[in-house]
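Here are some questions and answers on how charged side chains are labelled. Look at the structure first, then read on.

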Amino acid sequence: MPMKLGLFMMPLHPSYRDVADCYDRDIDQLVLADKVGYDEAWLGEHFTEKWENAPAPDLLIAKALGLTKQIKFGTGVTLLGMHEPVYLAHRVAMLDHLAHGRFQWGIGLGGIPTDMALMGLDPSEGRARAAEALEVILGLWDNNGTFRFDGKFFKIDTPKLDPVTERGLHMKPLQLPHPPIAVAASTSLSGSLKVAGARGWSPMSSSILSKAFLPGHWDTYANAATAAGNSVKRKSWRIARDIFVGPTPRIARERAREVLGRNYDVHQLPSRKGTVQMELMKLDPGMKDEEVTVEYLMENVWIVGDPKECADKIRALYEEVGGFGTLLSITADSDDASWDHESLTLLAEEVGPRIKDLG
C-alpha cells in the first residue's frame, strides 16, 4: 500500500487574523485537500492558544463533512482530561454518524498548563483524569444499556434503557466498538505511545521531532504492542512534518521563511526555550538553543523545496526511520492564501507520485 498523505491542522493562525477568517481559511484548505486527493485531515483542539484557536474541532469537522466527499477527518487531538466524558462520548458518537464512516478519533492524554488552569484543573492530575475519562467513554460505547463507573474523578451510574419508554443510555458510534483511534505524542518515551501500543491503536508522531528521535518513538510503541500481544505494522504510523512546497527551491524557501519562520519565531520559540520541546528538535544534543534557528529547521526538520527536492527529503526520512504509513503536513496560514493552496496541491499532485513506491 503506497504511503498516504494527510493534513494536521493545529490550526496555526497569526494572532492578528480575524477568528471567522481563520475558520474560513481552514475550510478552504480542507475542501482543496479533498479535491486533490489527500486521505485524511486531523484538526487540533486548544482553549488558551490564541494561535491555535480551535476549541471545538468537531464543529469544523461537521461543516467540512458537508463540503467534501472522500477525505477522512479526525480530531487531532481531543484533550481527554478537559472534558466531561459522558457529554464527550455523545458528541463523538454523533459526529461519527454524521461522517458516515469518514471519522477517526485522535486522543491526547496531556494538556498545556493554561488550558488546565482555565478549566480549574490540577496539572499534576491531568493524565490520570484523562485516563479515567477514556475508560468512561469506551465503557459507555461498549455496554448493554447500562454502565457504572466509580473513579477518583468521575462517578457514573447511567439510567438503563427502558424498552417501553425507550429512555436511557443508548447512543453508540456508527463504527463499532468505536471509530479508529490514534494517539498523538511528542516525547520518545511517551506514556501515550505505550497506551497506544498496548491497546492496538495507531501512533502519531509530533512534527517537532527531529529524525534523531523518531526511531525511538516507533520502538516505544512497538515494544508496548508486542508486550500486550498485539501485532505491529509500520503502515499504522503517522509522522507529522512542517512542509512547504514551491514551484522552485528559491520560492519555496522564501515563502517558508516568511510563513513557517513567522510561526516559529513569534508563536513557538518563546514557549519552547529551555524545554524538552527544544531538545527534541535538535539533531545533536550538544546543540545550543540559539542554534535552532529558522534556517536550521528549514534544512534539517521541515520539508521545504520544489517537488523533486521535497520528494527526496521524504524518501530520506522514510529510510532513516525505517518506514511509516502516513505523512501529515502541518497546515500553514500565509497572508497570501494562494501560497498554501499551491503548496498543498504540489505536495499531492507532484510530490505524491514521486514517492508512491514507499509504504
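**Charged side chains and their labels**

Arg253 and Glu299 form a salt bridge, with their closest N and O atoms 3.2 Å apart. The pair links distant parts of the chain, 46 residues apart: Arg253 is in helix H8 (residues 249-272) and Glu299 in helix H10 (residues 294-300). Helices are DSSP runs (H or I, at least four residues) and strands are too (E, at least two), numbered from the N terminus.

This is a predicted model, where local features need pLDDT of at least 70 and side-chain atom pairs count only at pLDDT 80 or more, while totals for chains, interfaces and linings use all residues. Residues are numbered from 1 along each chain as its sequence is written, and side-chain values use heavy atoms, with hydrogens and water left out.

Q: What makes Arg253 and Glu299 a salt bridge?
A: A salt bridge needs a side-chain nitrogen of Lys or Arg within 4 Å of a carboxyl oxygen of Asp or Glu. The closest N and O atoms of Arg253 and Glu299 are 3.2 Å apart, so the pair qualifies.

Q: Why is Arg253 called buried?
A: Buried means under 20% relative accessible area, exposed over 50%, and partly exposed in between (1.4 Å probe, protein chains only). Arg253 has 16% relative accessibility, so Arg253 counts as buried.

Q: Why does Glu299 count as partly exposed?
A: Glu299 has 40% relative accessibility, which falls between the two cut-offs, so the label is partly exposed.

Q: How do you know that Lys313 and Glu309 meet in a salt bridge?
A: Their N to O distance is 3.6 Å, so the pair meets the rule. Both residues lie in helix H11 (residues 307-321), four residues apart.
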